[in-house]
Amino acid sequence: QERPIKLGQDYLGRAVHRHRDVWVIRVETEGRVQHAAADADAVLDLLQLRLRKLRASAGEDVPTADCMYELARRLKGRARYEEAEELYRKCLRIRKAELGEDH
């Protein structure tokens with residue numbers, strides 16, 4: 001029997017902090033439902049990998065800045081302020097260059 005996951009709980013029904021990143025996806029294999037979760041550190045790793053790939057393929061454009069912003073937001077949430085500030089500043093510089101000062 002499938003049990004819906006409530007807000008504020010992980011896939012096992014345990015309470016989680018409201019700022020903790022938990023991604024829950026529904027995966028069906030051979031007719032059976034399985035659950036997978038990515039913890040907050042794994043999300044940071046994924047964003048850093050995505051940022052490296054964006055920089056390598058597209059350089060520093062608006063989608064790259066969007067990824068930087070998301071990564072910076074999550075770093076700030078983990079009290080990694082210096083890393084976050086550096087990314088926020090790079091993101092702002094890219095957006096100003098791409099969109100103009102008055103955007």
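1. Met 68 is a useful starting point for this predicted model. Beyond its neighbours within four places in sequence, Met 68 is in contact with Leu 51, Arg 55, Glu 60, Leu 87, Lys 90, Cys 91 and Ile 94. Met 68 is also among the residues with the most contacts inside the largest nonpolar core.

2. The overall arrangement is as follows. The chain contains three helices and two strands, and along the sequence these follow the pattern β-β-α-α-α. Of its 103 residues, 21% count as buried. When contacts between residues at least 6 apart in sequence are considered, 37% of them join residues at least 24 apart.

3. The largest nonpolar core comprises 15 residues, and Leu 47, Leu 51, Cys 67, Met 68, Leu 71, Leu 75 and Leu 87 have the most contacts inside it. At least two residues of this core come from each of helix H1 (40–58), helix H2 (62–77) and helix H3 (81–99). H2 provides the largest share, with six residues. In soluble globular proteins, nonpolar side chains tend to be buried together.

4. Helix H2 merits separate comment. Its 16 residues reach 23 Å from the first C-alpha to the last, close to the 22 Å expected at 1.5 Å a residue. The buried residues in H2 are Thr 64, Ala 65, Cys 67, Met 68, Leu 71, Ala 72, Arg 74 and Leu 75. This list includes Thr 64 and Arg 74 as well as Met 68, Leu 71 and Leu 75, and the last three also appear among the residues with the most contacts inside the core.

5. How do H1 and H2 pack? The angle between them is about 155°, and their axes lie 9 Å apart. H1 and H2 are therefore roughly antiparallel to each other, since an angle over 145 degrees counts as such. H1 passes H2 in a left-handed crossing. On the H1 side the contact is made by Val 43, Leu 44, Leu 47, Gln 48, Arg 50, Leu 51, Leu 54 and Arg 55. The H2 side contributes Pro 63, Thr 64, Cys 67, Met 68, Glu 70, Leu 71, Arg 74 and Leu 75.

6. For the H2 and H3 pair, the packing angle is about 155° and the axes are 8 Å apart. That angle makes H2 roughly antiparallel to H3. The crossing of H2 past H3 is left-handed. From H2, the residues that meet H3 are Val 62, Ala 65, Asp 66, Met 68, Tyr 69, Leu 71, Ala 72, Arg 73, Leu 75 and Lys 76. Their partners in H3 are Tyr 81, Glu 83, Ala 84, Leu 87, Tyr 88, Lys 90, Cys 91, Ile 94, Arg 95, Glu 98 and Leu 99. Met 68, Leu 71 and Leu 75 are listed at this contact and also at the contact of H2 with H1.

7. The backbone at Ala 79 should be checked by the reader in the structure. Ala 79 follows H2 and is found in the loop between H2 and H3. Its phi is positive, about 60°, although Ala 79 is not a glycine. With a relative accessible area of 48%, Ala 79 is partly exposed.

8. Two polar residues of H1 take part in its contact with H2 and may be considered together: Gln 48 and Arg 55. Gln 48 belongs to helix H1 and counts as partly exposed at 25% relative accessibility. Outside its neighbours within four places in sequence, Gln 48 is in contact with Leu 71 and Arg 80. Gln 48 and Leu 71 are 23 residues apart in sequence, yet 7.2 Å apart in space, C-alpha to C-alpha.

9. Arg 55 is likewise in helix H1, and its relative accessible area of 31% makes it partly exposed. Leaving aside neighbours within four places in sequence, Arg 55 is in contact with Glu 60, Thr 64, Met 68, Leu 87 and Lys 90. Glu 60, Leu 87 and Lys 90 are also in contact with Met 68. Between Arg 55 and Ala 65, 10 residues apart in sequence, the C-alpha separation is 9.7 Å.

10. Is Arg 74 buried or exposed? This residue of helix H2 counts as buried because its relative accessibility is 10%, and the limit for that class is under 20%. The C-alpha atoms of Arg 74 and Leu 44 are separated by 7.3 Å, although the two residues are 30 apart along the chain. Both Arg 74 and Leu 44 are listed at the contact between H1 and H2.

Note on methods:
Residues are numbered from 1 along each chain as its sequence is written. This is a predicted model: local features need pLDDT of at least 70, side-chain atom pairs count only at pLDDT 80 or more; totals for chains, interfaces and linings use all residues. Side-chain values use heavy atoms; hydrogens and water are left out. A nonpolar core is a set of buried Ala, Val, Leu, Ile, Met, Phe, Trp, Tyr and Cys residues joined through side-chain atoms within 4.5 Å. Buried means under 20% relative accessible area, exposed over 50%, partly exposed in between (1.4 Å probe, protein chains only). Helices (H or I, at least four residues) and strands (E, at least two) are DSSP runs, numbered from the N terminus. Contact means heavy atoms within 4.5 Å. The expected span of a helix is 1.5 Å times one less than its number of residues. Axes are lines fitted to C-alpha atoms, for helices over the stretch in contact, and angles run from 0 to 180 degrees between N-to-C directions. Angles under 35 degrees count as roughly parallel, over 145 as roughly antiparallel, 65 to 115 as roughly perpendicular and the rest as oblique. A crossing is left-handed if the near helix is turned anticlockwise from the far one by less than a right angle, and right-handed if clockwise.
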